Amino acid sequence: MSLFKEFRDFAMRGNVVDLAVGVVIGAAFGKIVSSLVANIIMPPLGLLIGGVDFKQFRWVLKPAEGDVPAVVMEYGNFIQTVFDFVIIAFAIFMAIKVMNKLYTKKEVEKPAPKPSSEEVLLTEIRDLLKQQNTKI
């Protein structure tokens, strides 16, 4: 089997194609939610805490000296990313919950199948043996 044929068989499996589609859609969904957080949710939240933008929060560990840039820990970006993650995780949770409701098939309870004649006979023999053992 040639290497090309093996790769083609691997790449065209249903799981690999589904994963690729999921990654592309997930990346696009992530951009949408990041925009939602950055442009819709964070401005009012920043306004509530005094008009401060979270991206402005930073610690300067070492100030800039000449051509050497400052060493800065930008924890505001981290806070923004945490908000992005929480909102993305919640949105995915809700989407999965809705999909599960749509795809869940309500199973109709089927009556138990009637026992075969052999099973009926064996059950009767068992019951007779129990009765004989209790008389002794």
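Two salt bridges turn up in this structure, which is a predicted model. Alongside them there are two aromatic pairs to look at, and ring pairs join Phe57, Trp59 and Tyr75 into a cluster. A UniProt record also marks stretches of the chain as "transmembrane region".

**Salt bridges**

- Side chains of opposite charge can pair when their charged atoms come close.
- One of the bridges runs between Arg58 and Glu74, with their closest N and O atoms 3.6 Å apart.
- That bridge links distant parts of the chain: Arg58 sits in the loop between α2 and β1, while Glu74 sits in the loop between β2 (71–73) and α3, 16 residues apart.
- Arg58 has a relative accessibility of 42%, so it counts as partly exposed.
- Glu74 is partly exposed too, with a relative accessible area of 35%.
- Asp127 and Arg126 make a salt bridge as well, and here the closest N and O atoms are 3.3 Å apart.
- Asp127 comes out as partly exposed at 34% relative accessible area, and Arg126 is partly exposed at 43%.

**Aromatic pairs**

- The count of aromatic pairs is two.
- Phe57 and Tyr75 are a stacked pair because their ring centres are 5.8 Å apart and their planes meet at 15°.
- Phe57 belongs to the loop between α2 (14–48) and β1 (59–62), and Tyr75 belongs to helix α3 (residues 75–103), so this pair ties together parts that are 18 residues apart in sequence.
- With 22% relative accessibility, Phe57 counts as partly exposed, and Tyr75 gets that label at 29%.
- Tyr75 also pairs with Trp59, this time in a tilted arrangement: the centres are 4.6 Å apart and the planes are at 35°.
- The Trp59 and Tyr75 pair connects distant parts of the chain, with Trp59 in strand β1 and Tyr75 in helix α3, 16 residues apart.
- Trp59 is partly exposed, at 49% relative accessibility.
- Put together, the ring pairs make a cluster of Phe57, Trp59 and Tyr75.

**Stretches marked in UniProt**

- The "transmembrane region" feature comes from an unreviewed UniProt entry, which places it at residues 20–42 and 78–96.
- In the model, residues 20–42 are 100% helix and 0% strand, and the C-alpha atoms at the ends of this span lie 31 Å apart.
- Residues 78–96 are likewise 100% helix and 0% strand, with 27 Å between the end C-alpha atoms.

Key:
Residues are numbered from 1 along each chain as its sequence is written. This is a predicted model: local features need pLDDT of at least 70, side-chain atom pairs count only at pLDDT 80 or more; totals for chains, interfaces and linings use all residues. Side-chain values use heavy atoms; hydrogens and water are left out. Rings of Phe, Tyr and Trp (its six-membered ring) pair if their centres lie within 6.5 Å; planes under 30 degrees apart count as stacked, over 60 as edge-to-face and the rest as tilted. Helices (H or I, at least four residues) and strands (E, at least two) are DSSP runs, numbered from the N terminus. Buried means under 20% relative accessible area, exposed over 50%, partly exposed in between (1.4 Å probe, protein chains only). UniProt positions are given in the numbering used here, feature names are shortened, and annotations may be inferred rather than shown by experiment. A salt bridge is a side-chain nitrogen of Lys or Arg within 4 Å of a carboxyl oxygen of Asp or Glu.
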